[in-house]
Amino acid sequence: MQVGLHALGIGSGADRAVIDAVASAADRHGFTTLWAGEHVVMVDRSESRYPYSADGVIAVPAQADWLDPWVTLSFAAAASSRIRLATGVLLLPEHNPVIVAKQAASLDKLSGGRLTLGVGVGWSREEFDALGIPFARRAARTTEYVAALRALWRNDIASFSGEFVGFDSIRVNPKPPGDIPVVVGGNSDAALRRVAAWGDGWYGFNVDGLAAVRERVGKLEQFCADSGRERSELRLAVALVSPEVEDIGALEELGIDELVLVAAPPNSADAVPDWVSALAEKWELAL
């Protein structure tokens, strides 16, 4: 079982020295991926329900520092050499896909092909309103944007004509050194249908226990069958609400490739190496 770390970009994980220390130590200790999520906008009182907690409220305070994931992961890439880097997740319908194609390919090239692009459709209507982007049909927009990204990455001269984006005979360089995996975040049936339809993998976030993982994987297998795909084609990563080392065997049996630990690093960069080392020892990691 591979183990990732979702610890960068928010609060103590938004400090330059802490980012460097986490990336360097996680790289040495055998973690598979460093994940960084995104919100451009937070509000003090949201009428939108957060889908990853029982009470529908996000745990991150609205006033907390929340770095842009491209910038965060670029610093992490510079402080490491092996570990993969993943957006967990980028709210793709909030962005121009031509610019995202450039940003993702640039980071992938500079990191030596280590990027995984995790994408989600977003849940905060207030955030979409602030950015001037329609909240309605954001899932359809995401699907189309992913197709546009892949066209831009694979074709020297790319054209695309869709409902939400279109371009004709353009060059966007650099090209990524290989295919950038696009994994879909979200735990709903609709998210799993997107995984089965066009994703390279799934990032299940804050899944409440092994029974919930088992049920979601079973649903994903059903959707893959409906789409004519083998679930084995997909890479599956999950972050559990309260993970335990004893969960590893069951997760492996369910076909989960990576357990992602969601944890806030220490405030002091000097304390980070021991913190990462303790996590690695607990989860029995070794290069």
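User: Ala, Val, Leu, Ile, Met, Phe, Trp, Tyr, Cys and Pro count as nonpolar, Asp, Glu, Lys and Arg as charged, and the others, Gly among them, as polar. On that basis, how many residues of each class are in the lining of the second largest pocket?

Analyst: The structure is a predicted model. In the lining of its second largest pocket, ten residues are nonpolar, five are polar and four are charged.

User: Which residues lie nearest the centre of that pocket?

Analyst: Met-42, Val-43, Ser-46, Ile-58 and Trp-123 lie nearest the centre, out of 19 lining residues. The volume of this second largest pocket is about 250 Å³.

User: And the largest pocket, what space lies in it?

Analyst: The largest pocket holds about 890 Å³ of space. Its lining has 41 residues, and those nearest the centre are Tyr-50, Tyr-52, Ile-58, Gly-88 and Phe-205. Ile-58 is thus named near the centre of the largest pocket and also near that of the second largest.

User: How does the lining of the largest pocket divide by class?

Analyst: It comprises 22 nonpolar residues, 16 polar ones and three charged ones.

User: Which element supplies the largest share of that lining?

Analyst: Strand β9 does, with three residues. Helix α6 (189-198) and strand β9 (201-207) each supply at least two.

User: Changing topic: which residues have the most contacts inside the largest nonpolar core?

Analyst: Leu-5, Phe-31, Leu-34, Leu-117 and Trp-153 have the most contacts there, in a core of 73 residues. Helix α1 (residues 16-29) gives the largest share of this core, namely seven residues. Another core, of 16 residues, lies apart from it and includes Ala-86, Val-89, Val-183 and Ala-239.

User: What does Leu-34 touch?

Analyst: Leaving out residues up to four places away in sequence, Leu-34 touches eleven residues' worth of names that include Leu-5, Leu-8, Val-22, Ala-23, Ala-26 and Leu-73. Ala-76, Ile-83, Arg-84, Leu-85 and Ala-86 are also among the residues it touches.

User: One more residue, Thr-87: is it buried or exposed?

Analyst: Thr-87 counts as buried because its relative accessible area is 0%, and the cut-off for buried is under 20%. This residue is found in strand β3 (residues 84-87).

User: What does the side chain of Thr-87 reach?

Analyst: That side chain reaches the backbone nitrogen of Gly-118 at 2.8 Å. Beyond its neighbours within four places in sequence, Thr-87 is in contact with Trp-35, Ala-36, Pro-69, Trp-70, Leu-73, Thr-116, Leu-117 and Gly-118. Leu-73 is therefore a contact of Thr-87 by the 4.5 Å limit on heavy atoms, and Leu-34 touches Leu-73 as well.

Conventions: Residues numbered from 1 in each chain as written. Predicted model: local features only at pLDDT ≥ 70, side-chain atom pairs only at ≥ 80, totals over all residues. Heavy atoms only, no water. Core = buried A, V, L, I, M, F, W, Y, C linked by side-chain atoms within 4.5 Å. Buried < 20%, exposed > 50% of the residue type's maximum accessible area, 1.4 Å probe, protein only. Helix = DSSP H or I, 4+ residues; strand = E, 2+ residues; numbered from the N terminus. 1 Å grid on protein atoms, 1.4 Å probe; cavity = no way out; pocket = protein on both sides within 12 Å on 5 of 7 lines; lining within 4 Å. Points joined across faces, edges and corners; volume = space filled by probe spheres on them. Polar contact = N/O pair within 3.5 Å; in protein donor to acceptor, adjacent residues only side chain to side chain.
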